[in-house]
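Me: Please take me through the side-chain contacts and strand pairing of this model, one question at a time.

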Amino acid sequence: MDVYGDDGKSYINWCTQKGRTNSMPLMLPSLSSLSSLRELKLRDCNLREGDIPSDISCLSSLIDLDLIGNNFISIPASLTLLSKIWFLDLSNCNMCTLGEADIHGLSSLSYLKLRGSNFITIPLALTQLSRLQVLALSNCMKLKSLPGLLTTTRNMEIDGCSSLQLVASPSKVCNLVNSAAIKAFNCFKLAENINALTLLKKHLKAFANSIKRFDIIMPGSEIPEWFSQQKSDSSIKIPLRKDGQWIGVASCCIFVNNDASRDDEVINCRTFIYCKNPRLIDWTGSLVGKRLKEPIMKDHLFLHYWSRDNLYSSSLEDKYGDCETNNLWATDCLDKKWDELEVSFIDPFGRSAKVKKCGVRIVYEKDLEEIKELQCHTTQ
């Protein structure tokens with residue numbers, strides 16, 4: 001047992017060898033007096049629903065609770081009294097339902113990890129979590145469908161969900177999310193039922209007024225023709241008109257593990273705008289390989305979208321909508337109507353997954369109208 005903090009109450013870590021029985025349940029009631037406790041880790045302690053006392057609600061400062069590897073068939077009702085908790089990890093706990101617990105009491109929860117659970121579908125009760133931003137469901141092998149969750153859920157991790165066939169469209173138009181991502185490594189059944197481009201279009205329509213970045217990673221071996229500029233390389237450059245009516249840029253690449261034995265490969269997407277000198281606009285990516293516990297053995301697609309506001313932040317523009325006037329290269333840009341945009345999937349530290357091909361498309365308002373038509377057809 002490890003305890004950290006000036007008062008001995010800010011962090012408690014009790015992790016045991018998985019499957020080992022211990023007297024942990026008998027010690028839990030004593031935790032209720034630790035009002036300053038902020039982080040509590042009780043991994044692999046053989047705990048069940050009844051082992052967590054109701055007076056855990058006295059942990060009024062608790063924000064991080066790690067219960068990985070215990071035996072909760074459903075979420076313990078006593079946990080729903082933790083109104084300030086924002087991080088909850090119930091991975092590998094054999095959970096198959098949320099039970100009858102009224103989870104809206106977890107009103108501050110932002111990160112919920114349910115990896116390795118036995119859900120067939122995700123209970124709609126999760127829509128009660130109005131602040132939920134990250135939902136981790138990796139390796140939920142029985143999971144077949146995902147409902148339309150709250151659109152505040154910006155990151156959905158569903159890697160290795162081998163039975164997953166359906167991901168519902170966002171439940172409503174939302175102006176709250178700046179960035180979002182769906183990570184679906186090795187979700188081959190999902191890829192048979194819906195392609196990455198359709199997912200991208202549906203989310204662009206739902207979040208059109210707010211989203212600045214959106215990522216999708218899922219199986220796929222062909223770049224859709226919708227990406228009008230394509231290249232058999234790991235980077236691509238296109239001209240970008242500064243005074244045009246475009247609203248964003250979408251990019252895509254096909255990748256696979258370079259070396260499945262490595263554990264440090266990544267798939268990156270970096271964006272540069274060239275005027276006199278290149279300016280790095282954005283950099284996003286994801287780990288690929290052994291650390292996912294299941295190497296990427298088949299081709300995958302990585303789609304990434306940037307809004308115009310993200311590429312040309314107002315803080316980087318002058319009053320005419322051109323380049324940042326106090327930048328060294330700004331005066332060289334003022335008379336130019338075009339910039340050059342480069343999208344690169346190369347990792348500068350040499351850890352890149354193998355990229356076979358990439359593409360890019362400038363997105364206009366009319367593309368959103370096409371997305372509206374797409375949604376009408378899919379709901380009929």
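**Salt bridges**

Me: Which residues are linked in a network of salt bridges?
Reply: A salt bridge here is a side-chain nitrogen of Lys or Arg within 4 Å of a carboxyl oxygen of Asp or Glu. The residues linked in such a network are Lys 41, Arg 43 and Asp 66.

Me: On what footing do these values stand, and from which number does residue numbering start along each chain?
Reply: The model is predicted, so local features require pLDDT of at least 70 and side-chain atom pairs pLDDT 80 or more, while totals for chains, interfaces and linings use all residues. Side-chain values rest on heavy atoms, with hydrogens and water left out, and residues along each chain, as its sequence is written, are numbered from 1.

Me: How many salt bridges does a search of the whole structure find, and how many residues apart are Arg 115 and Glu 157?
Reply: The search finds eight salt bridges. In one of them the side chains of Arg 115 and Glu 157 meet at 2.7 Å, N to O. Arg 115 lies in the loop between E6 and strand E7 (134-136) and Glu 157 in strand E9 (residues 155-157), strands being DSSP runs of at least two residues, numbered from the N terminus. This pair links distant parts of the chain, and its separation is 42 residues.

Me: Is Glu 157 buried or exposed?
Reply: Buried means under 20% relative accessible area, exposed over 50%, and partly exposed in between (1.4 Å probe, protein chains only). Its partner Arg 115 has 28% and is therefore partly exposed. Glu 157 has 18%, which makes it buried.

Me: How far apart are the closest N and O atoms of Asp 233 and Lys 231?
Reply: Asp 233 is partly exposed at 32% relative accessibility, and Lys 231 is also partly exposed, at 39%. The two form a salt bridge, and their closest N and O atoms are apart by 4.0 Å.

Me: Which residue forms a salt bridge with Arg 361?
Reply: Arg 361 and its partner are both buried. The closest N and O atoms are 2.8 Å apart, and the partner is Asp 367.

**Aromatic rings**

Me: How many aromatic pairs does the structure hold?
Reply: Rings of Phe, Tyr and Trp (its six-membered ring) pair if their centres lie within 6.5 Å; planes under 30 degrees apart count as stacked, over 60 as edge-to-face and the rest as tilted. By that rule the number of aromatic pairs is eight.

Me: What is the arrangement of Phe 87 and Tyr 111?
Reply: Their ring centres are 6.3 Å apart and their planes stand at 35°, so the pair is tilted. Phe 87 is in strand E5 (residues 87-89) and Tyr 111 in strand E6 (residues 111-113), 24 residues apart. Phe 87 is buried at 15% relative accessibility, whereas Tyr 111 is partly exposed at 25%. The answer is therefore: tilted.

Me: At what angle are the planes of Trp 226 and Phe 227?
Reply: Both residues are buried, Trp 226 at 12% relative accessibility and Phe 227 at 1%. Their ring centres are 5.2 Å apart, and the pair is edge-to-face because the planes are at 90°.

Me: Over the ring of which residue does the charged end of Arg 308 sit?
Reply: A charge sits over a ring if NZ of Lys or CZ of Arg is within 6 Å of the ring centre and within 35 degrees of the ring normal. The charged end of Arg 270 sits over the ring of Trp 283, 5.5 Å from its centre. For Arg 308 the distance is 4.5 Å, and the ring belongs to Trp 246.

**Strand E15 and Phe 345**

Me: How many bridges join E15 to strand E20?
Reply: Strand E15 (residues 246-256) is mostly covered, with 11 of its 11 residues buried. Two strands pair if DSSP finds at least two bridges between them. E15 is joined to strand E18 (residues 300-307) by eight bridges, antiparallel. With strand E20 (residues 354-364), also antiparallel, the number of bridges is 10.

Me: Which residue in E20 stands opposite Phe 255?
Reply: On the E18 side, Ala 250 has Tyr 305 as its bridge partner. In E20, the residue opposite Phe 255 is Val 355.

Me: How far apart in space are Phe 345 and Phe 255, C-alpha to C-alpha?
Reply: Phe 345 is in the loop between strand E19 (338-344) and E20. With a relative accessible area of 1%, Phe 345 is buried. Phe 345 and Phe 255 are 90 residues apart in sequence, and their C-alpha separation in space is 9.4 Å.

Note on methods. Helices (H or I, at least four residues) and strands (E, at least two) are DSSP runs, numbered from the N terminus.
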